[in-house]
Amino acid sequence: MNSTERRMKLILMLQQSNKRITVNDIAEKFDVSRRTVFRDFNALSEMNVPITWDEYNGYGIMRGYKIPPLMFTSKELATIMVGLNFVKSQVDKTLIKDAKGVELKIKEVLPEELLTFMESLGERTVVDPYLNFGPEKMEGGDWYVISNAISENQSIKFNYRSKSDEKTSSRKIDPYLIVFFRDHWNVIGHSHKRDAVRNFVLDRMSDIQILDENFVPHGKIDVEGLIFRSESTSHRIEVYVHETDEKRFKANLPAKIIKEKKEKPNFIRIGFFFDNINFINKWLLQFSENIKIVKPDILIEKRKKLLEKMIENIN
């Protein structure tokens, strides 16, 4: 391990020990020389870590001292940078601004060697370049207010602009889960109007208010079940996927696979439920001839009409 990581672990070692520790104990623990241990203690003293010592029992740390919250190993810092770069690549302007603020605060307290490492990593790590350098950034909805309501099990009310007719109506829900789908935030919760679980897109929500009303979730929140639930309007869809596109198909499919079987040479039969038949019809086009729709018939018909319209648009 490098010196920064070793010194951080030395602080933790002194904090967690019920007795003082000798230089020999520390040198053996980290497999370093006594001289290196003394250098580490000098470095910690320069960082104002309150190290204590007596000649009979060895080293300790002042009671009540708390390790600074931003002492990372290089690997932990690399992980944080990947996460921050992912957030900064998204289309939500608020998230990008917040991520840059977090990055700035971390840089302000890092030691010089880790600061150089972080800046170098930030400049040379690109996550999702097509989103990063592509579409114009936009407001993504007030996810932070909703996340607070979720953490406290409090109901919320808001105005919601319908996607089908653009009309706005008042809604009240018990929010269960916030989900980020590629380019927008969603909240999934129990709708008081429909008396059922519904999904709402955050950038269509306005005037969000946390109510002084607590709700009790019905048992443990099933995150996977909420995301991939099958509605009464869902269609069971089955397609043949060519093996060359199998991994990409599975990685990007916006649904949970319920059936998977190899039935033809080079093709895998995959089944899933999906409620928006028009959306999935267009989504499947990206796989061109490597996808064959098996069922339902309504999807097959929509595929034919969509292809006919695309051909008409060529002329």
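In which sense do strand β3 and strand β4 pair, and over how many bridges? Strand β3 (residues 154-161) and strand β4 (residues 168-181) pair in the antiparallel sense, over 6 bridges. The model described here is predicted. The points below treat two open sheets, one of 5 strands and one of 4 strands, together with a nonpolar core and a pair of helices.

**The sheet of 5 strands**

- The strand order in this open sheet is β6-β5-β4-β3-β7, and the pairing is antiparallel.
- Strands β6 (196-201) and β7 (205-214) lie at the edges with a single partner strand each, so one side of each has no neighbour in the sheet.
- From one strand to the next, the twist averages 45°.
- Within the pair of β3 and β4, residue I156 stands opposite I173 in β4.
- Helix α8 (residues 143-151) packs on this sheet and touches β3, β4, β5 (184-191) and β7. The direction of α8 makes about 85° with that of β4.

**The sheet of 4 strands**

- This open sheet has the order β9-β10-β8-β11, again with antiparallel pairing.
- Its edge strands are β9 (257-264) and β11, each of which pairs on one side only.
- The twist here averages 25° from one strand to the next.
- Strands β8 and β10 run antiparallel and are joined by 8 bridges. Residue I237 stands opposite F272 in β10.
- Helix α11 packs on the sheet, where it touches β8, β10 and β11, and its direction makes about 5° with that of β8.
- Helix α12 (residues 297-314) also packs on the sheet, touching β8 and β11; the direction of α12 makes about 140° with that of β11.

**The largest nonpolar core**

- In soluble globular proteins, nonpolar side chains tend to be buried together.
- The largest nonpolar core of this model has 18 residues, and those with the most contacts inside it are I237, V239, F249, F272, I280 and L284.
- At least two residues of this core come from each of β8 (235-242), β10 (267-274), α11 (277-284) and β11 (291-295).
- Leaving aside residues up to four places away in sequence, V239 touches several residues, among them F249, I268, F272, L284 and I293.

**Helices α2 and α3**

- The axes of helix α2 (residues 23-30) and helix α3 (residues 34-46) come within 9 Å and cross at roughly 105°. The two helices are therefore roughly perpendicular to each other.
- On α2 the contact is made by V23, N24, I26 and A27, and on α3 by R34, V37, F38 and F41.
- By class, this contact has 6 nonpolar, 1 polar and 1 charged residues.

Methods:
Residues are numbered from 1 along each chain as its sequence is written. This is a predicted model: local features need pLDDT of at least 70, side-chain atom pairs count only at pLDDT 80 or more; totals for chains, interfaces and linings use all residues. Side-chain values use heavy atoms; hydrogens and water are left out. Axes are lines fitted to C-alpha atoms, for helices over the stretch in contact, and angles run from 0 to 180 degrees between N-to-C directions. Angles under 35 degrees count as roughly parallel, over 145 as roughly antiparallel, 65 to 115 as roughly perpendicular and the rest as oblique. Contact means heavy atoms within 4.5 Å. Ala, Val, Leu, Ile, Met, Phe, Trp, Tyr, Cys and Pro count as nonpolar, Asp, Glu, Lys and Arg as charged, and the others, Gly among them, as polar. A nonpolar core is a set of buried Ala, Val, Leu, Ile, Met, Phe, Trp, Tyr and Cys residues joined through side-chain atoms within 4.5 Å. Buried means under 20% relative accessible area, exposed over 50%, partly exposed in between (1.4 Å probe, protein chains only). Two strands pair if DSSP finds at least two bridges between them.
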